[in-house]
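Reader: I would like a close look at one part of this protein. Please take the strands and how they pair, then work outward from there.

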Amino acid sequence: LLLDLLDIVDNFERALQSSPDGTDGKTFRDGVELILRMFQNLLAKNGVRPIVLEGRAFDPNFHHAMTVSESDKVEEPEVEEELQTGYMHHDRLLRPTLVKVLVPKKGQ
């Protein structure tokens, strides 16, 4: 795992050494996106996968509410926006997804 991480660090260093002068920055962005894919593949190879929001229902087992707003448009707590991706390690929660939540207005 550590040797695989060092390969990714090497690629970040190469990307930072490349000069975006005289270009539109696309080459630099493409390189960083490639490094991100390498890192995501390494995580997946080691059993780490992102939590994908299925529907919009708020699930406290996988979501951590950072903000809560009342709305007359929902009947049950619902994810309004994903703020930070959560991750699972195999079938275990590694980090919850940080979300904004809408809840039903009180008194309705």
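Author: What follows covers the strands, then the turn, the pocket and the salt bridges. Keep in mind that this is a predicted model. The protein chain has an average pLDDT of 89. A score of at least 70 is reached by 94% of the residues. Confidence peaks in β2, at 97. It is lowest in helix α1, residues 2-17, where the mean is 84. Where pLDDT is low, predicted coordinates should not be read in detail.

Start with the sheet that holds β2. It is open and has three strands. Their order is β2-β6-β3, and the pairing is mixed. β2 covers 63-71 and β3 covers 78-84. Both stand at the edges with a single partner strand each, so one side of each has no neighbour in the sheet. From one strand to the next, the twist averages 25 degrees.

Now take the two pairings one by one. β2 and β6 run parallel. Eight bridges join them, and β6 spans residues 97-104. Two positions help you find your way along this pairing. Thr67 stands opposite Lys100 in β6. Glu70 stands opposite Val103, also in β6. On the other pairing, β3 and β6 are antiparallel, with five bridges. Here Gln84 has Leu98 of β6 as its bridge partner. The parallel pairing with β2 and the antiparallel pairing with β3 give the mixed sheet.

Next comes the other sheet. It is also open, with three strands in the order β1-β4-β5. Its pairing is antiparallel. The edge strands are β1, at 48-50, and β5, at 92-95. Each of these pairs on one side only. The twist averages 35 degrees from one strand to the next.

Look closely at β4 and β5. β4 runs over residues 87-89. The two strands pair in the antiparallel sense over three bridges. Met88 is bridged to Leu93 in β5. His89 is bridged to Arg92, again in β5. Together β4 and β5 make a hairpin, with two residues between them.

The turn deserves a pause. His90 lies in the loop between β4 and β5. Its phi is positive, about 55 degrees, although His90 is not a glycine. Most residues other than glycine have a negative phi. That makes His90 a residue to inspect on screen.

Met88 leads on to the pocket. It belongs to the lining of the largest pocket. This pocket holds about 190 Å³ of space. Arg49, Pro50, Ile51, Val52, Leu53 and Glu54 are among the other lining residues. So are Ala57, Asp59, Phe62 and His63. By class, the lining has seven nonpolar residues, one polar and three charged. His63 also falls within β2, which covers 63-71. Arg49 and Pro50 fall within β1, at 48-50. The lining therefore draws on residues from both sheets.

Last, the salt bridges. The structure holds three. One of them joins the side chains of Asp4 and Lys45, at 3.1 Å from N to O. This pair links distant parts of the chain. Asp4 sits in helix α1, and Lys45 sits in helix α2, residues 26-45. They are 41 residues apart. Note that helix α1 is where confidence is lowest, at a mean of 84.

Key: Residues are numbered from 1 along each chain as its sequence is written. This is a predicted model: local features need pLDDT of at least 70, side-chain atom pairs count only at pLDDT 80 or more; totals for chains, interfaces and linings use all residues. Side-chain values use heavy atoms; hydrogens and water are left out. On a 1 Å grid over the protein atoms alone, a cavity is a set of points where a 1.4 Å probe fits but cannot get out, and a pocket is an open set with protein on both sides within 12 Å along at least five of seven lines; lining residues have an atom within 4 Å of a point. Grid points are joined across faces, edges and corners, and a volume is the space filled by probe spheres set on the points. Ala, Val, Leu, Ile, Met, Phe, Trp, Tyr, Cys and Pro count as nonpolar, Asp, Glu, Lys and Arg as charged, and the others, Gly among them, as polar. Two strands pair if DSSP finds at least two bridges between them. Helices (H or I, at least four residues) and strands (E, at least two) are DSSP runs, numbered from the N terminus. Axes are lines fitted to C-alpha atoms, for helices over the stretch in contact, and angles run from 0 to 180 degrees between N-to-C directions. pLDDT is the predictor's confidence in each residue, from 0 to 100. A salt bridge is a side-chain nitrogen of Lys or Arg within 4 Å of a carboxyl oxygen of Asp or Glu.
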